[in-house]
Amino acid sequence: MASQDWFDKDFYKVLGVDKDVSEADLKKTYRKLARKYHPDSNPGDAKAEAMFKEVSEAYAVLSDPEQRAEYDQIRAMGSGARFTAGGSDAGGFEDVFSMFGQGRGGRSRGTDAGFDDFFTMFDQGGASFGSGRFGQPSGGFRGFGGPQRGTDVTARTTIDFVTATKGETISLQGEDGKPFKVKIPAGVSDGQKIRLRGRGRPSPDGGEPGDIVVQVSVRPHPVFTREGLNLRVTVPVTFTEAALGATIEVPTLGGDPVKLRVAPGTPSGRVLRVKGRGVQTAKGTGDLLAEVQVVVPSHLDGAAREALEKFSELEPKENPRADLMSKARS
């Protein structure tokens, strides 16, 4: 930070606190402002980014007891001073320097070396803090001070299909060997991530802890698949059931079967819908989609073959592939 800022900026005003604010209240106020103006919460907002830098600078000074004490004394003794190459203002600067420069390097008052020491104390490489007692704490945004957020921890778990659709609270083992609970919401998808706020590694300097990010893998079900909140199942039907119509039973996930009417002449691939028998979540409930699949018998006895041959003579003489061939030629 440039040395002139210590005379011009009122860090207490920037943070909106009194000069006798306690360390605890100072920290609480800073965290609230940092969350409000953090660039991650205000993408592309230059004003918010500038405010974040200001509150971080102010907190970096006022949170350090030694820096805060020196800042208070400089503000009290050096009000209105300006740094120039020479002239009448230099006396005001020297008066302020006399209180702090002598104890830092034993420089005599008013010498060029004393001036350099004093300026370097506040300006190590431009606008950011340098090393030593005036060095910035770890973390912050683009080199500005402020507590560093703890590191996120990644965990993985594999759950069965029913648990993913119904939801459940499970236990996992943390990296420290201790178990922790994870609430799996109903309708979680394969590959989805669940974030446990504040359950990750602690901050190294008093900031917010990181999160635990749990990546969920879902085992496939032998019968059902997911389409959003809908459940899908393939239901085999015989040729005669599809041709003549029938009432069939269809399984549901974790419940009793339901009966569906297959209309006469139902083709393979037609989807029958059962309302409200899909995945139930706080956001809504899906349906059960039963896709009809016409199966052909692999073995026929003599009587069945004879009956089928007679049917073949009687069935309409239509080519079911005529439309396909026409579209292929166009």
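Ile-184 has plenty of company in this predicted model: leaving aside residues up to four places away in sequence, Ile-184 touches Ile-159, Thr-163, Gly-167, Glu-168, Ile-170, Ile-194 and Val-216. Ile-184 also belongs to the largest nonpolar core, a group of 36 residues. Within that core, the members touching the most others are Ile-159, Val-182, Ile-184, Val-214, Ile-248 and Val-250. A second core sits apart from this one and holds 18 residues, with Tyr-37, Ala-48, Val-55 and Val-61 among them.

Some of these names turn up again in an open sheet. Three strands make up this sheet, lined up in the order 1-5-4 with mixed pairing. Strand 1 (153–159) and strand 4 (193–196) are the edges, each pairing on one side only. Going from one strand to the next, the twist averages 25°. Strand 5, which covers residues 212–218, pairs with strand 4 in the antiparallel sense, and four bridges link the two. Ile-194, one of the residues that Ile-184 touches, has Val-214 of strand 5 as its bridge partner. Val-214, in turn, is one of the core residues that touch the most other members.

Now for the chain as a whole. It contains twelve helices and 13 strands, and 33% of its 330 residues are buried. Counting contacts between residues at least 6 apart in sequence, 54% bring together residues at least 24 apart. As for the outside, the accessible surface of the chain comes to about 20,100 Å², and carbon and sulfur atoms account for 50% of that area.

How values were computed. Residues numbered from 1 in each chain as written. Predicted model: local features only at pLDDT ≥ 70, side-chain atom pairs only at ≥ 80, totals over all residues. Heavy atoms only, no water. Pairing = 2+ DSSP bridges. Axes fitted to C-alpha atoms, helices over the stretch in contact; angles between N-to-C directions. Core = buried A, V, L, I, M, F, W, Y, C linked by side-chain atoms within 4.5 Å. Buried < 20%, exposed > 50% of the residue type's maximum accessible area, 1.4 Å probe, protein only. Contact = heavy atoms within 4.5 Å. Areas by Shrake-Rupley, 256 points an atom, 1.4 Å probe, with all protein chains shown as cover.
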